[in-house]
Amino acid sequence: MLLCLQVIAQESSTVISGVVTDRSSKQAVEFATVQLLTTDSTIVKSSVTDKKGRFSIEGVKPSNYILSCSFIGYEKSAKPIAITGNPLKVNIGTIQIGMLSANMAEVKVTTTTRALNAAIDRKVYNVSQDILAQSGSVSDILKNVPSVEVDIEGQVSLRGSADVMIFINGRPSPLMGKTKAEALQQLPANSIERIEVITNPSARYKPDGSSGIINIVLKKNTKGGLNGSIQANAGTQDRYNGNVSLNYKPGKLNLFGNYSIRKDKRLRLSDINRTYLDAKQNDSSYYTQSSHSSARPLSYVATMGLDYNLSEHNSFGISGNYVSRKQVKHDVMNNLFYNKNGTLTNSYDRLRYDPEYEIEQDATVYWQHNFPQEDHELRVEVNASGSDEQEDNHYTNVYRFPAGLSLKDNTLIIQHDHQQQVAVDYTNPMSEDSKLEAGYLGSFAQLDQNFYGELYDTLQNKFLKDIVKSNRFLYNEYVHAFYVTYQHSFKKFSYSVGLRAEQANIKGNLVTRDSLIKNDYTKVYPTLHLAYKLNSAELQLNYSKRVNRPDGDELNPFPEYQDPRNLRAGNPKLLPEIIHSIELGYKWQNKNLSFVPSLYYRYKQNGFTSVVVPLNDSTLLTTNQNLSNSQSAGLELIFSAKAGTFFNANLSSNFFYSSINATDLGYNSNRSIISMSTNLNSTFTLSKTTMWQLSFNYRSARLTPQGKVLPTFVFNTGLRQDLFKKKLSVILTASDLFKTLQEKTELNTPFLKQTAIYKRDRQIIYLGVSYRFGKSVKKSGDDKLQFDDNL
């Protein structure tokens with residue numbers, strides 16, 4: 001029997017909302033399709049439920065409708081609804097749907113999720129919709145996310161700034177420390193569910209990272225019954241990777257697991273040409289270096305966990321991740337030295353053999369209580385992670401001119417990184433138009449870095465400890481944070497104000513020098529978000545105060561001697577960066593098009609910058625210093641379009657202005673530059689079972705404090721053919737199709753000029769297959785943004 005719901009409306013616009021739940025378990029049904037139909041079954045509007053089962057349908061005119069709800073494996077529900085008078089907000093409550101009997105035929109799925117969901121202040125990139133993700137690394141996929149740039153060495157930046165906080169599953173991870181570029185280039189993309197980018201977070205989120213947050217969400221299936229997928233890919237030059245994903249959800253319990261493996265081949269080439277200058281800016285000597293580095297990294301990612309609904313109002317879960325990275329690096333570095341007349345004075349090769357590994361483990365336990373009122377909840381979460389990393393570097397200097405005995409030296413680097421987090425989050429929807437959030441986050445990190453250097457004594461025929469290269473550095477960082485946010489909406493206008501207070505206790509111990517570094521401080525970070533809804537658009541103005549704290553590697557003053565002519569070290573005197581970020585954004589959208597332009601401005605105090613200083617006439621030291629200040633501004637344009645089922649594309653461009661006060665580095669005036677980056681990702685549906693994807697990235701020249709980086713361009717493509725009712729897919733991908741990927745940098749200081757060119761593997765091709773089994777999840781082509789609320 002159908003129950004007719006009649007609503008007498010009062011306002012100028014209508015929003016119909018509600019919740020879809022499982023009739024037996026009373027749990028929310030995610031990804032259910034809710035459609036508003038006319039009485040003759042014509043579709044007027046549609047929506048998809050979020051992970052809490054909620055849906056919202058906007059812009060409904062007064063009339064008689066049928067509200068239809070469907071989900072794969074469930075009976076279809078239909079409810080007549082009549083809206084009369086002037087439109088208003090309508091909450092129809094809970095729609096309960098029951099599962100189909102086991103002998104019911106499987107429903108055919110014909111729609112897919114959009115690869116990119118873009119809002120004014122955040123973007124969600126669904127990795128499963130990217131063909132290239134089936135064979136690439138996480139670093140490869142980040143290049144397709146608007147506002148995100150990845151250089152040839154895997155360093156990630158957001159809106160032109162490398163000071164970005166990268167989370168895994170909404171939490172900091174030891175993997176995203178000093179070696180995050182290596183980790184992102186080795187982690188398989190087919191272990192990732194989605195990537196979320198938040199450029200101006202509220203006070204609920206950690207304020208770290210001047211340009212915002214990138215959250216990498218690992219796969220975690222929540223479909224009913226038994227479901228899974230298997231993927232396998234083989235690439236050129238003996239590359240391969242694979243992924244197995246499973247979940248079982250008979251009712252209140254959900255068990256999930258995911259395992260990925262990736263075997264890669266990495267080739268890195270570089271050429272450096274350097275001119276040393278005397279006090280009168282005349283050439284005094286020359287230096288060239290060419291290097292060749294090869295490795296065969298092997299990576300594993302394993303995820304397991306369970307979620308269990310104890311009752312209608314209580315649930316808990318436990319999960320764990322295991323990540324292993326291993327590789328053996330073989331490097332050859334040819335060094336040539338010339339006097340000012342161009343005569344060769346010295347030539348030698350530095351060889352490196354380095355077996356290294358990194359193992360990261362983490363575990364998370366949570367308990368959540370849902371109060372009777374919708375969205376009124378309390379969540380407690382505890383997370384612990386640890387990372388063990390080792391580099392066992394064996395070097396040999398082979399002297400060619402003047403000829404001499406080869407010299408050997410070793411550097412063993414052992415690092416232990418442990419982190420713990422305790423989070424308590426409370427959300428109270430005080431009314432239909434207002435919400436209060438409050439909570440606590442305790443973040444605790446302990447880092448132990450141990451460098452042990454050796455020199456080979458030719459007289460004693462054995463290695464002896466090198467006290468110059470041996471050191472130990474301990475670093476502890478404890479941060480206690482309390483936050484509160486309040487949100488309120490009034491007709492078309494809404495606002496959110498927030499305040500976060502943090503007490504940071506930082507202690508570094510230079511064990512080798514018996515010296516302590518302490519920095520304790522309390523700071524507050526306000527946030528403000530304003531929004532105004534137009535007919536088919538939205539306007540937002542956001543402000544946040546952020547911080548970029550130096551980590552243990554950036555504070556450790558002991559140099560690394562991988563290349564004795566080019567040393568790297570931290571700076572124990574580094575102060576935290578303070579950033580004031582303002583963003584003005586607009587979003588317009590219709591059925592086939594969306595346009596999201598944003599203007600942003602950042603003012604940075606005590607800004608970090610990488611600088612090069614000479615230690616002598618042949619050795620340079622790269623370290624970090626605090627600049628007086630810097631400011632940057634930009635215009636970001638994101639355009640999405642689709643033409644029926646045949647074509648969809650996302651085009652994003654970021655125009656970036658940066659001005660740096662470099663007087664502390666010896667420059668007489670500010671240095672500024674305008675740069676831009678463009679990303680295009682397009683998909684052509686050639687038939688019901690054939691998809692073709694094209695993507696390219698362009699990055700213009702950009703400024704560094706002591707020089708600039710020249711433009712880069714790369715083009716990728718992929719093809720997917722579905723077979724056997726889309727249970728099996730054959731995938732072909734090619735990255736850097738035109739062999740254009742390289743990076744050229746220029747350095748210009750009062751004491752030297754340098755040009756460097758870096759290259760990597762080119763034109764990598766993969767062929768793979770993917771098989772899916774179990775029930776399919778139906779998702780609308782007009783999915784709303786799906787965010788990880790636990791970020």
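## Ser682 and its surroundings

Once residues within four places in sequence are set aside, Ser682 makes contact with Phe647, Asn648, Ala649, Trp692, Gln693 and Leu694. The model we are looking at here is a predicted one. Ser682 belongs to strand β38, which covers residues 671-687. Is Ser682 buried or exposed? Its relative accessible area is 6%, and because the cut-off for buried is under 20%, Ser682 counts as buried.

## The chain as a whole

Let us step back to the full protein chain. Its secondary structure consists of three helices and 46 strands. The radius of gyration is 28 Å, close to the 28 Å that the globule rule gives for 791 residues, so the chain is as compact as a globular protein of that length. Along the principal axes, the C-alpha atoms fill a box of roughly 95 × 55 × 45 Å.

Of the 791 residues, 52% are buried. Among contacts with a separation of 6 or more, 67% are between residues 24 or more positions apart. The accessible surface is about 34,900 Å², and carbon and sulfur atoms account for 57% of that area. As for charge, the chain carries 89 positive and 75 negative side chains, with the centres of the two sets 5 Å apart.

## Strand β15 and its partners

Strand β15 is a good place to zoom in. This strand spans residues 213-218 and is mostly covered, with six of its six residues buried. In a regular strand, side chains alternate between the two faces of the sheet. In β15, Ile213, Asn215 and Val217 point one way, while Ile214, Ile216 and Leu218 point the other way, and all are buried.

Which strands pair with β15? Strand β13 (residues 165-168) runs parallel to β15 and is joined to it by four bridges; here Met165 stands opposite Ile213. Strand β14 (residues 192-198) pairs with β15 in the antiparallel sense, over six bridges. In that pairing, Ile192 has Leu218 as its bridge partner.

## From β29 to β32

Further along, strand β29 (residues 515-533) and strand β30 (residues 537-548) form an antiparallel pair with seven bridges. The two make a hairpin, with three residues between them. Within this pair, Lys533 stands opposite Glu538 of β30.

What else does β30 pair with? Strand β32 (residues 577-589) is a partner of β30 too, in the antiparallel sense and over twelve bridges. There, Ala537 stands opposite Trp588 in β32.

## Two more buried strand residues

Ala295 sits in strand β20, which covers residues 283-295. With a relative accessible area of 7%, Ala295 is buried. Apart from residues up to four places away in sequence, Ala295 touches Asp264, Lys265, Arg266, Gln327, Val328 and Lys329. Arg268 is 27 residues away from Ala295 along the chain, and the C-alpha atoms of the two are separated by 9.0 Å.

Thr745 has its place in strand β44 (residues 742-748). This residue is buried as well, at a relative accessible area of 18%. Not counting residues up to four places away in sequence, Thr745 touches Lys708, Val709, Gln754, Thr755, Ala756 and Tyr758.

Methods
Residues are numbered from 1 along each chain as its sequence is written. This is a predicted model: local features need pLDDT of at least 70, side-chain atom pairs count only at pLDDT 80 or more; totals for chains, interfaces and linings use all residues. Side-chain values use heavy atoms; hydrogens and water are left out. The radius of gyration is taken over C-alpha atoms; the globule rule is 2.2 Å times the number of residues to the power 0.38. Buried means under 20% relative accessible area, exposed over 50%, partly exposed in between (1.4 Å probe, protein chains only). Contact means heavy atoms within 4.5 Å. Accessible areas come from the Shrake-Rupley method with a 1.4 Å probe; for residues, only the protein chains shown count as cover. Lys and Arg count as positive and Asp and Glu as negative; His and the chain ends are not counted. The place of a charge is taken as NZ of Lys, CZ of Arg, CG of Asp or CD of Glu. Two strands pair if DSSP finds at least two bridges between them.
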